[in-house]
Amino acid sequence: MVKKILKITFLILLTIQFLNAGFLEMESKKAVKEKKLILLTVKSESCPYCLKMKKDVFETKHYSEKINKKYVHVEINRDDSLLPSSLHVKYVPTNFILSPHKLEILDEFPGYIQPDHFIELLDEVYRQEVK
């Protein structure tokens with residue numbers, strides 16, 4: 001019985017990911033203060049889908065205003081040395097939703113996502129996480 005409990009506890013700990021991301025310290029404080037989550041976008045300068053997502057979502061006023069109501073948005077290049085290796089980013093763009101308190105990864109969305117669908121996903125995660 002004890003072995004089973006220890007095994008379950010170990011598996012749970014393995015599934016929870018925390019980032020050692022010092023570069024997010026200011027954003028984390030801002031998100032906590034404003035009761036927002038952190039949206040971390042990992043991109044590449046040479047990625048056409050990253051550029052499309054930036055143009056279609058993050059640089060479009062309609063969508064950026066919706067994001068900024070519930071999220072502190074941070075972009076980082078996949079090759080940036082500040083990006084924690086624990087993220088294991090395979091595809092760009094990848095959008096991570098982080099808890100501002102512990103920088104726990106709450107969800108992730110790899111690849112380009114149509115703007116309306118992306119906002120729906122963000123709204124759903126926010127509803128589930130912010131109470």
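This passage describes the fold, two of the helices, the backbone geometry, and the empty spaces of a predicted model.

The protein chain contains five helices and four strands. Read from the N terminus, these elements follow the order α-α-β-α-α-β-β-β-α. The chain has 131 residues, of which 40% are buried. Among contacts with a separation of 6 or more, 70% are between residues 24 or more positions apart in the chain.

Helix H5 covers residues 115-129. The helix has 15 residues, and at 1.5 Å a residue it should span 21 Å. The C-alpha atoms at its ends are 21 Å apart, which agrees with that expectation. Six positions of H5 are named here as buried: Pro 115, Phe 118, Ile 119, Leu 122, Val 125 and Tyr 126. These residues lie on the same side of H5, because the arc they cover around the axis is only 125°. On the face turned away from this buried side, H5 carries the exposed residues Asp 116 and Arg 127. The cover over the buried residues of H5 includes parts of both helices and strands. Among the helices are H3 (48-58) and H4, and among the strands are E1 (37-43), E2 (71-77), E3 (94-98) and E4 (105-110).

Helix H4 spans residues 61-70. Its buried residues are Tyr 63, Ser 64 and Ile 67. They cover an arc of only 95° around the axis, so they are placed on the same side of H4. The exposed residues Lys 61 and Lys 69 sit on the face of H4 turned away from the buried side. Elements covering the buried residues of H4 include E1, H3, E2 and H5. H5 therefore appears in the cover of H4, just as H4 appears in the cover of H5, with the buried side of H5 defined by an arc of only 125°.

Within H4, Ser 64 can be considered in more detail. Its relative accessibility is 17%, and because the cut-off for a buried residue is under 20%, Ser 64 counts as buried. When residues up to four places away in sequence are not counted, Ser 64 touches Val 57 and Phe 58.

Several features of the backbone occur in loops. The peptide bond joining Val 92 and Pro 93 is cis, with omega at about -5°. Pro 93 belongs to the loop between E2 and E3. Two residues other than glycine have a positive phi: Lys 35, with a value near 55°, and Leu 103, with a value of about 55°. Lys 35 is placed in the loop between helix H2 (25-34) and E1, while Leu 103 is placed in the loop between E3 and E4. Their surroundings can be described by accessibility. Lys 35 counts as exposed because its relative accessibility is 63%, and exposed means over 50%. Leu 103 counts as buried because its relative accessibility is 10%.

The model also holds empty space of two kinds, a cavity and a pocket. One cavity of 30 Å³ or more is counted. The largest cavity has a volume of about 50 Å³. Its lining is formed by Thr 41, Lys 43, Cys 50, Met 53, Lys 54, Phe 58, Glu 75 and Pro 93. E1 and H3 are the elements that give two or more residues to this lining. H3 gives the most, with four residues. By class, the lining of the largest cavity consists of four nonpolar, one polar and three charged residues. Two of these lining residues have been met above: Phe 58 is one of the residues that Ser 64 touches, and Pro 93 takes part in the cis peptide bond.

The largest pocket contains about 200 Å³ of space. The residues lining it are Ala 31, Val 32, Lys 35, Lys 36, Leu 37, Ser 99, Pro 100, His 101, Leu 106, Glu 129, Val 130 and Lys 131. This lining divides into six nonpolar, two polar and four charged residues. One of the lining residues is Lys 35, the exposed loop residue with 63% relative accessibility.

Terms used: Residues numbered from 1 in each chain as written. Predicted model: local features only at pLDDT ≥ 70, side-chain atom pairs only at ≥ 80, totals over all residues. Heavy atoms only, no water. Buried < 20%, exposed > 50% of the residue type's maximum accessible area, 1.4 Å probe, protein only. Contact = heavy atoms within 4.5 Å. 1 Å grid on protein atoms, 1.4 Å probe; cavity = no way out; pocket = protein on both sides within 12 Å on 5 of 7 lines; lining within 4 Å. Points joined across faces, edges and corners; volume = space filled by probe spheres on them. Nonpolar A, V, L, I, M, F, W, Y, C, P; charged D, E, K, R; others polar. Expected span 1.5 Å × (residues − 1). Arc of directions from axis to C-beta.
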